[in-house]
Each structure stands twice: as C-alpha cells, then as structure tokens.
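Me: Please take a close look at a single part of this model and set out in one connected account how that part is built and what surrounds it.

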Amino acid sequence: MKVFPLRTGRTKVPFGQFYGGLDGYSMTDFVTDKEHYIWVPIHSYLIEHPQAGPILVDTGISPEQTAHVDYYRGSIMEHVTDVDEYDLPADETMTAQLARHGYRPSDVSTVIITHLHEDHVGSLGLFPDAAVHLGRAEYDARHSKVFGLVPLGFEPSIAPVRHWRPVDFTGAQIGGFDSSADLLGDGLVTLLPTPGHSPGSTSVLVHAGRYRLLLTGDALYTIHHLAVDQVRAIQTGAESLYVDSVRRMQWLRRLVPDVVVLTAHDHTQYGRRVAAELAEGELSEEALAWCRSYERTTFDELYNLNPARLPHHDAA
Ligand SMILES: [Zn+2]
C-alpha cells in the first residue's frame, strides 16, 4: 500500500516552541520572541488504500490562510499568529498536490485529522462530503479555548465538515498503547491515542507492506523528539500526557521493529530524506536501511540523543 507525503508549504515557528520545553521557554516567549524562528514543512499524507481509495491524513494549510489578516480578522488568532506564519507556493496547495497523484478533492471520501490545529485542518473545506475521523477527545474539545483564549478548532476552518466521525479507542493493544482503533477493520490503518499536544491528538499506524509508517502529526515534531527527556516542545495542553504519549511511541518502536516514524514538520536531515525517499509512495530496502542506521546513530537504548544530534538554533 503506497503512502505519499503531501507538502502544503511551510510554517514559521519559534525555535523555542519546537525545542525549548525543557529550557524554560514559555508561552510569553512564544508570543514575543520574533527572532529565533525556523521554517518547517507542513506535511499531510495520502494513503492509497486498495478498497477504500485515497485516504488523507491531515489537510495542511489553504491559500485563504496565507491571506492572514483577512482570514483571521476579528479573532484572537490574528494576534497569536504572525502575518507571515504560512508560506504556500501555488504548486503546493492541497488541490495541486492531490492532482499530482491523479486525484481531485472530491475523490477523497475519508479524512483523518491528527488534531485540530490550523496547519492541519486548513484545507478541510475541500472535503465537505468526506467522513472526517479524529480522536473523540479532540472532537469533544473542538469548541474549547486553549488558555481560555485561543480556539482549538477555528470555526471558519472546521465549519465545512458535515460528517464528523469521532473515534473511540476500543481495539487491540499495540506496543505501548493499551488500545487502538482499526479504522477499516482490515488492520491496514490503525489509529493510536497520542494526546498532550492537544486534547485528542491521534497518530496513525499504516501497514504499508514490508514496513509500517507511524504518522504522528504533532505528537512528535521531529524524530529527535522521541528523546523526550532532552528535547521537548512547549505545551499548550497537558505536558504529562504529552510525555506519556512519547514514551508509548518509544515502546512501540522497540516492540515493532519495522516501524518508520514520520511527523508533520520534520525539518531535520531525517525528515527531509524520508519525505524524498517516499516520493513514489514506497521506501526501498536501501531507504529503510538508512532509516535504521539513522536511528541507531541518533538514539541510545533509553532514547537519549547522540550529543551531535542535539538541536541548535544556528544549525536548524
Ligand atoms: Zn502542526
């Protein structure tokens, strides 16, 4: 089963938001620090399921969102995000990316949303007839406000959805996960609860054949974030849940050796290389061997980072 990364542009994030969770980087810094930022890709994923057809994991950003002031006018979002938050070239819109693989948005009847943040739901409006699956906790919190101020689900982005499908995790235990949800009942697309980054953040384990892909959304920003005792994103939600979710993913990696970890925003050498290797939808044996070798030289057995791979702003 082929899985393609779809890149819908890139987003500008403070370095500390990505990596400063253990260094005292705060939400105040997040709002005020405009100097130490990095640009990271925004990846959604297209799964070509043999029976269900194209399944989309996240929808990336939309051209409307890049017209920042107009899209977010009158909302707190206008102030907590930057005017140049998003960069979306015309050939990287969701419509253009789907067309590259021979699909129109109307061909997609199944969408999985890892969580409701704007860079993951921006193009939901292209899929008003699709069933949109997401963790029950995320769905239930969709009208809630982070810190009592910022909407978890920005109404103009999520309003077009007509067929919400909240997911309950009542299926089999997998790796460090006590339960899961087998989306189609065939074991090919399994949803895993990875809350913390948001109330109901969900990861997707795809059985691609010779290997499995773990699509983490933002439950991990990069593969280096598996080293949760050294590298941590700042949290708008429950930090203890975030850490617990990362440890369960570590455990999954130990118990299920054929898993390849793919995040939404991995700007590191690893993320760039795996996205490039997956351009045709499949990882070659050589690419898989490279992934294994990267992990071996990056983490010790306790998921501590090789010091040479600790993130630095200059090198990011
Ligand atoms: Zn994101």
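Reply: In this predicted model, helix α10 comprises the 17 residues 239-255. At 1.5 Å a residue these should span 24 Å, and the end C-alpha atoms are indeed 24 Å apart, so the expected and modelled lengths agree. The buried residues of α10 are Y242, V243, S245, V246, M249, Q250, L252 and R253. Their cover includes the strands β11 (189-193), β12 (202-207), β13 (212-215) and β14, together with helix α12 (285-298).

The packing can also be followed from the side of α12. This helix has 14 residues and reaches 20 Å from its first C-alpha to its last, close to the 20 Å expected at 1.5 Å a residue. Its buried residues are A287, L288, W290, C291, R292, Y294, E295 and T298, and they pack against α10, β14 and α11.

T298, which is found in α12, merits separate attention. Its relative accessible area is 1%, under the 20% cut-off, and T298 is therefore buried. The side chain of T298 forms a polar contact of 2.6 Å with that of R309. Leaving aside neighbours within four places in sequence, the residues in contact with T298 are H224, N304, L305, N306 and R309.

Strand β14, which helps to cover the buried residues of α10, also leads towards the metal site. The zinc ion has as its protein donors D119 (OD), H120 (NE2), D218 (OD) and H265 (NE2), lying 2.1 Å from the ion. Along the chain these donors follow the spacing D-H-x97-D-x46-H. D119 lies in helix α7 (residues 118-121), whereas H265 lies in the loop between β14 (259-262) and α11 (269-277); the pair therefore ties together parts that are 146 residues apart in sequence. Both of these donors are buried: D119 has a relative accessibility of 11%, and H265 has a relative accessible area of 2%.

The angles among the 4 donor atoms run from 83 to 159 degrees, and the site is irregular. A tetrahedral assignment would require all angles to lie between 85 and 135 degrees, so the range of 83 to 159 degrees does not meet it.

For the wider setting, UniProt places the feature "domain: Metallo-beta-lactamase" at residues 41-265, in an unreviewed entry. Over residues 41-265 the chain is 22% helix and 24% strand, with the end C-alpha atoms 5 Å apart.

Methods. Residues are numbered from 1 along each chain as its sequence is written. This is a predicted model: local features need pLDDT of at least 70, side-chain atom pairs count only at pLDDT 80 or more; totals for chains, interfaces and linings use all residues. Side-chain values use heavy atoms; hydrogens and water are left out. UniProt positions are given in the numbering used here, feature names are shortened, and annotations may be inferred rather than shown by experiment. Helices (H or I, at least four residues) and strands (E, at least two) are DSSP runs, numbered from the N terminus. Donors are N, O and S atoms within 2.8 Å of the metal (3.2 Å for Na, K and Ca); water is not among the atoms, so sites may look incomplete. Four donors count as tetrahedral if all angles lie between 85 and 135 degrees; four count as square planar and six as octahedral if opposite donors are over 155 degrees apart and all others between 65 and 115; anything else is irregular. Buried means under 20% relative accessible area, exposed over 50%, partly exposed in between (1.4 Å probe, protein chains only). The expected span of a helix is 1.5 Å times one less than its number of residues. Contact means heavy atoms within 4.5 Å. A polar contact is a pair of N or O atoms within 3.5 Å; within protein, one must be able to donate a hydrogen and the other to accept it, and residues adjacent in sequence count only if both atoms are side-chain atoms.
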